[in-house]
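Me: I am learning how to read strands and cysteines in a protein model. Could you take me through an example, giving the general idea before the particular case?

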Amino acid sequence: MGAVSDAALNENVTDTTDNIFRDGSDLHEGQYFKNKKALHRKFIDVALTGNFEFRTTRSSKSLWVIKCVDPNCSWRLQASKVVEETAFFVIRKYVGVHSCSLLSRSGSHRQATYVMVGEKVAPQYVGGKKGPTPKDVQTYARTHLNAKISYYKSWRGRKHAQSLIRGSPEQSFHLLPSYFYMLEKVNPRTITHIEVDGDNRFKYLFLAFGVAIKGFEFMRKVVGIDGTFLKSQYKGVLLVATTQDGNGQCYPIAWGIVDSENEDAWTWFLSKLNEVIGDSDELAFISDRAFSIKKAISNVFDKAHHGACAWHV
């Protein structure tokens with residue numbers, strides 16, 4: 001059988017016995033895209049919607065050529081920059097009809113990358129929502145993208161979606177100084193501290209809102225301190241100092257983030273807490289029986305008393 005021409009392939013073909021089918025898109029030669037990335041994303045959507053896969057045969061900053069994964073299929077695209085000085089791409093050649101067999105399709109779908117999946121589910125994390133779990137992402141990919149993805153890929157897609165909406169941990173650490181500056185500007189008497197190591201990397205954090213500091217003046221002078229593990233990418237420990245109000249409700253005083261519950265970390269946190277509540281023989285601390293806490297309290301608060309929580313005794 002001779003080669004099929006572009007014109008013949010773009011005719012209104014309905015003969016399914018020849019395994020010829022359209023990709024379902026409305027794209028055409030001469031169509032423009034603002035950059036190569038936008039073009040790439042568009043054809044990923046086309047491939048997922050049409051339930052076929054493509055492979056890249058040539059790619060550079062100014063050229064992109066893709067073909068169907070079946071080497072005998074006629075579907076192909078060639079796009080390039082409009083002019084070298086701009087980022088705009090234009091479709092130069094496009095055959096939007098397949099001549100391959102349906103058997104060449106794969107359920108895993110190479111275009112269903114974790115980045116693409118993450119971009120699709122990202123809106124579901126807007127507004128601080130918990131959003132879909134990795135299992136939910138797998139279901140979404142199967143029902144909306146016609147792709148069967150692994151649990152690991154769905155997990156990575158979920159993490160990518162969260163980073164798109166909430167930013168990455170690195171971005172969040174970078175914004176901490178600005179965030180603390182604004183907290184102090186709009187919350188009078190707020191006290192913040194950020195400690196870095198010798199390489200200017202984050203080490204410790206301390207935060208006490210001004211309203212909490214002012215309110216502590218009217219609270220009973222019994223402070224509970226404890227720490228809990230953080231499960232983010234960079235781990236660490238969240239430290240907290242609380243007391244009780246007149247209704248017996250938990251009243252937070254200050255928070256801290258440190259590397260671990262060791263003597264240096266507790267000493268640093270309590271020294272900052274000392275700036276907030278001061279030292280007094282009317283002050284009492286309650287904690288678990290960790291030696292690091294006991295040692296830090298004795299180093300920082302000379303007058304205060306220290307007792308172990310009955311739950312830990």
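Me: Which residue in S6 is the bridge partner of Phe 33?

Reply: Keep in mind that this is a predicted model. The bridge partner of Phe 33 in S6 is Phe 89, and this belongs to the antiparallel pairing of strand S2 (residues 32-33) with S6, which runs over 2 bridges.

Me: Over how many bridges do strand S5 and S6 pair, and in which sense?

Reply: Strand S5, made of residues 76-81, pairs with S6 in the antiparallel sense over 6 bridges. Within S6, the residue that stands opposite Arg 76 is Val 95.

Me: Why is strand S6 largely enclosed by the rest of the structure?

Reply: As a general idea, the side chains of a regular strand alternate between the two faces of the sheet. In this case, strand S6 covers residues 89-95, and 5 of its 7 residues are buried, so the strand is largely enclosed by the rest of the structure.

Me: How many disulfides does a search of the whole structure find?

Reply: In general, a disulfide is a covalent bond that joins the sulfur atoms of two cysteines. Here, the search of the whole structure finds 0 disulfides.

Me: Why is there no bond between the sulfur of Cys 73 and the closest cysteine sulfur?

Reply: The closest cysteine sulfur to that of Cys 73 is in Cys 100, at 3.7 Å, which is too far for a bond, because a disulfide needs the two sulfur atoms to be within 2.5 Å.

Me: Is Cys 100 buried or exposed?

Reply: Cys 100 is buried, since its relative accessible area is 4%, and Cys 73 also counts as buried, at 12% relative accessibility.

Note on methods: Residues are numbered from 1 along each chain as its sequence is written. This is a predicted model: local features need pLDDT of at least 70, side-chain atom pairs count only at pLDDT 80 or more; totals for chains, interfaces and linings use all residues. Side-chain values use heavy atoms; hydrogens and water are left out. Buried means under 20% relative accessible area, exposed over 50%, partly exposed in between (1.4 Å probe, protein chains only). Helices (H or I, at least four residues) and strands (E, at least two) are DSSP runs, numbered from the N terminus. Two strands pair if DSSP finds at least two bridges between them.
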